[in-house]
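Please keep the viewer open beside this text and make each selection as it is named, so that every stop of the tour can be checked by eye before moving on.

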Amino acid sequence: VIAEGKDPVKKEKVRSKVVFGKRGDRVVSWYLTQWRHIDGTFDPSAFDVFDKFVASFKYLKKSFYETL
(Lines give C-alpha, C1' and ligand atoms only; values in the text may rest on other atoms or scores of the structure.)
Protein backbone atom coordinates (compact mmCIF):
# COMPACT_ATOMS: atom_id res chain seq x y z
CA VAL A 1 0.00 0.00 0.00
CA ILE A 2 1.36 3.42 -0.94
CA ALA A 3 -0.26 6.54 0.47
CA GLU A 4 0.58 10.19 -0.12
CA GLY A 5 -0.73 13.31 1.54
CA LYS A 6 -0.14 17.06 1.60
CA ASP A 7 -0.59 19.66 4.32
CA PRO A 8 -0.72 23.05 2.56
CA VAL A 9 -0.87 24.92 5.89
CA LYS A 10 2.42 23.45 7.16
CA LYS A 11 3.80 23.19 3.60
CA GLU A 12 4.65 19.51 4.07
CA LYS A 13 3.96 16.33 2.17
CA VAL A 14 4.34 12.69 3.08
CA ARG A 15 4.66 9.37 1.29
CA SER A 16 4.23 6.09 3.15
CA LYS A 17 4.60 2.52 1.99
CA VAL A 18 3.26 -0.45 3.92
CA VAL A 19 3.91 -4.07 2.99
CA PHE A 20 1.76 -6.79 4.54
CA GLY A 21 2.83 -10.40 4.86
CA LYS A 22 1.31 -13.50 6.36
CA ARG A 23 2.94 -15.92 8.73
CA GLY A 24 0.66 -18.75 9.68
CA ASP A 25 -2.47 -17.18 11.13
CA ARG A 26 -0.84 -13.81 11.74
CA VAL A 27 -0.32 -10.77 9.57
CA VAL A 28 2.97 -8.90 9.80
CA SER A 29 3.76 -5.53 8.27
CA TRP A 30 6.70 -3.28 7.46
CA TYR A 31 6.39 0.44 6.79
CA LEU A 32 8.44 3.38 5.56
CA THR A 33 7.46 7.04 5.78
CA GLN A 34 9.15 10.10 4.26
CA TRP A 35 8.25 13.69 5.10
CA ARG A 36 9.35 16.48 2.76
CA HIS A 37 8.75 20.17 2.19
CA ILE A 38 5.81 20.57 -0.18
CA ASP A 39 8.19 21.70 -2.97
CA GLY A 40 10.76 18.95 -2.23
CA THR A 41 11.13 15.56 -3.85
CA PHE A 42 11.00 12.14 -2.26
CA ASP A 43 14.15 10.00 -2.18
CA PRO A 44 13.36 6.93 -4.31
CA SER A 45 16.55 5.13 -3.20
CA ALA A 46 15.13 4.80 0.34
CA PHE A 47 12.11 2.97 -1.07
CA ASP A 48 14.42 0.74 -3.13
CA VAL A 49 16.41 -0.22 -0.01
CA PHE A 50 13.13 -0.85 1.83
CA ASP A 51 11.87 -3.13 -0.98
CA LYS A 52 15.15 -5.10 -0.94
CA PHE A 53 14.92 -5.54 2.82
CA VAL A 54 11.33 -6.79 2.69
CA ALA A 55 12.16 -9.16 -0.18
CA SER A 56 15.13 -10.61 1.71
CA PHE A 57 13.35 -10.96 5.06
CA LYS A 58 13.32 -14.49 6.44
CA TYR A 59 12.12 -15.90 9.73
CA LEU A 60 14.95 -17.60 11.60
CA LYS A 61 12.78 -20.01 13.52
CA LYS A 62 9.22 -21.29 13.60
CA SER A 63 6.62 -19.26 15.43
CA PHE A 64 5.13 -20.54 18.66
CA TYR A 65 1.93 -21.53 16.84
CA GLU A 66 3.84 -23.44 14.14
CA THR A 67 5.51 -25.59 16.80
CA LEU A 68 2.21 -26.76 18.30
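Begin by selecting V1, F20 and V27, which together form a nonpolar patch on the surface with about 350 Å² of accessible area; bear in mind throughout that what you are looking at is a predicted model. Within this patch, take F20 by itself: this residue is found in strand β2, which covers residues 12–23, and F20 counts as exposed because its relative accessibility is 55%, where exposed means over 50%.

Next, keep β2 on display and add strand β1, residues 2–7, which runs antiparallel to β2 and is joined to it by six bridges. Along this pairing you can pick out E4, which stands opposite R15 in β2. If you then follow the chain around the hairpin of β1 and β2, you pass four residues between the strands, and at K11 you meet a positive phi near 55 degrees.

Now add strand β3, residues 26–37, which pairs with β2 in the antiparallel sense over 12 bridges. Two places are worth selecting along this pairing: K13, whose bridge partner in β3 is R36, and K22, whose bridge partner in β3 is V27, a residue already met as a member of the nonpolar patch. The hairpin of β2 and β3 has two residues between the strands, and here G24 is the residue to select, since the point to see is its positive phi near 65 degrees.

With the three strands shown together, in what order do they lie in the sheet? The order is β1-β2-β3, in an open sheet whose pairing is antiparallel. Because β1 and β3 stand at the edges and have a single partner strand each, one side of each is left without a neighbour in the sheet. Looking across the sheet, you can also follow its twist, which averages 20 degrees from one strand to the next.

The next selection is helix α1, residues 44–56, which packs on the sheet and touches β2 and β3. If you compare its direction with that of β3, the angle comes to about 170 degrees.

For the last part of the tour, show the side chains and look for salt bridges, of which the count comes to two. Return to E4 and R15, already seen opposite each other, and note that they form a salt bridge in which the closest N and O atoms are 2.7 Å apart. Since E4 lies in strand β1 and R15 in strand β2, the pair ties together parts that are 11 residues apart in sequence. Their surroundings can be described as well: E4 counts as exposed at 54% relative accessibility, whereas R15, at 25%, counts as partly exposed.

Finally, select D51 and K17, whose side chains meet in a salt bridge with a distance of 2.6 Å from N to O. This pair links distant parts of the chain, with D51 in helix α1 and K17 in strand β2, 34 residues apart. Is each partner buried, partly exposed or exposed? D51 is partly exposed, having a relative accessible area of 31%, while K17 counts as buried because its relative accessibility is 17%, and buried means under 20%.

Key. Residues numbered from 1 in each chain as written. Predicted model: local features only at pLDDT ≥ 70, side-chain atom pairs only at ≥ 80, totals over all residues. Heavy atoms only, no water. Patch = residues over 30% accessible without salt bridge, like charges linked within 9 Å, V, L, I, M, F, W, Y side chains within 5 Å. Areas by Shrake-Rupley, 256 points an atom, 1.4 Å probe, with all protein chains shown as cover. Salt bridge = Lys/Arg side-chain N within 4 Å of Asp/Glu carboxyl O. Buried < 20%, exposed > 50% of the residue type's maximum accessible area, 1.4 Å probe, protein only. Pairing = 2+ DSSP bridges. Axes fitted to C-alpha atoms, helices over the stretch in contact; angles between N-to-C directions. Contact = heavy atoms within 4.5 Å.
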